[in-house]
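The exercises below move from a local backbone feature to the sheet, the ligand shell and the nonpolar core. Work each one on the displayed model before reading its solution.

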Amino acid sequence: MQPALIEFRHIYKVYGRGEAAIKALDDVNLTIAAGDFVAIMGPSGSGKSTAMNILGCLDVPSGGEYLFQGISTANFSREQYTLLRRHMLGFVFQGFNLLARTSAVENVELPLVYRGMEARERRQKALAALEQVGLKGRESHTTQELSGGQQQRVAIARAIVTDPAVLLADEPTGNLDTRTSIEIMDLITRLNKERGITVIMVTHEEDIAAHARRLLRFVDGKLASDSDTDAEGDGHVA
Ligand SMILES: Nc1ncnc2c1ncn2[C@@H]1O[C@H](COP(=O)(O)OP(=O)(O)OP(=O)(O)O)[C@@H](O)[C@H]1O
């Protein structure tokens, strides 16, 4: 049997010591299969960002074990974490996090520069990724010449240009109006369905979470519920 893509075994994250210690994550057990589309919700301070940081190898748990494709990351070196991040994970943030005064195509090429890819191949891949997110014709526009929705599309192109197994999205529509949010969610849903990218997304909005297939709710650092949505994989509430 294939191991799950992602597994949390008794994950704890504790900040501070003694009386002041805060359990940001408290014995979280979780498996996510390849190709799933998971939304994470919960009140402020419930541990969502902490969980995303551990999933994204930006932070390590205080206890428990994080397995990726069945391999424990517990004894990973800093370099191994970096490799896992660069080769398997793509990130999208609420604030887009693009370089200003830099063209869309150059922003998308950036992760390929870190990989040491040759310039021509890099450009080709970045242009293809921009086309995939519906930005053909805007490749040379700089960040400030693009709308918020277009900037998020560039950020998504940058996240998928490396062909990651997992897209980690932290409130990807948090800075967008309703119509643009729906367009971005349709794009993310398409990437999940057509390219098979596993999507894990934090959101505060129920109707954004409804695009996912599965919904995890955190309360006080614990995984309080884990249920299927009504999306049935088509990205829309039935
Ligand atoms: N670096 C840190 N040092 C100390 N405490 C922290 C740190 N990061 C998070 N915490 C605490 O851990 C708990 C979980 O925080 P976390 O940021 O994961 O919550 P969240 O669900 O993402 O909240 P929000 O929706 O407000 O972003 C909170 O009580 C928070 O104050």
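**Exercise 1.** Which residue follows α1, and what is the sign of its phi?

*Solution.* The residue after α1 is Cys-57, and its phi is positive, near 60°. Helices (H or I, at least four residues) and strands (E, at least two) are DSSP runs, numbered from the N terminus. Residues are numbered from 1 along each chain as its sequence is written. The model is predicted, so that local features need pLDDT of at least 70 and side-chain atom pairs count only at pLDDT 80 or more, while totals for chains, interfaces and linings use all residues.

**Exercise 2.** Determine which residues of α1 are buried.

*Solution.* A residue is buried if 20 or more other C-beta atoms, placed from the backbone, lie within 10 Å of its own, exposed if 12 or fewer, and partly exposed in between. Applied to α1, this criterion selects Lys-48, Thr-50, Ala-51, Met-52, Ile-54 and Leu-55. Because six of its eight residues are buried, α1 is largely enclosed by the rest of the structure.

**Exercise 3.** In what order do the four strands of the open sheet stand?

*Solution.* Two strands pair if DSSP finds at least two bridges between them. Seven bridges join β1 to β2, with Lys-13 paired to Leu-25 in β2. Five bridges connect β1 (residues 6-15) with β4 (residues 63-68), where Phe-8 stands opposite Tyr-66. Two bridges link β4 to β5 (residues 71-72), and there the partner of Phe-68 is Ile-71. The order is therefore β2-β1-β4-β5, with antiparallel pairing. Since β2 and β5 each have a single partner strand, they stand at the edges, and one side of each is left without a neighbour in the sheet.

**Exercise 4.** Which element supplies the largest share of the shell around the ligand?

*Solution.* The surrounding residues, each with its backbone-placed C-beta atom within 6 Å of the ligand, include Tyr-15, Ile-22, Gly-45, Lys-48 and Thr-50. Both β2 (22-32) and α1 (48-55) supply at least two residues of this shell, and the largest share, three residues, comes from α1.

**Exercise 5.** Which residues touch the most other members of the largest nonpolar core?

*Solution.* A nonpolar core is a set of buried Ala, Val, Leu, Ile, Met, Phe, Trp, Tyr and Cys residues joined through C-beta atoms within 7 Å. Of the 61 residues in the largest one, Ile-40, Ala-157 and Leu-167 touch the most other members. The largest share of this core, six residues, comes from helix α5 (residues 148-160).
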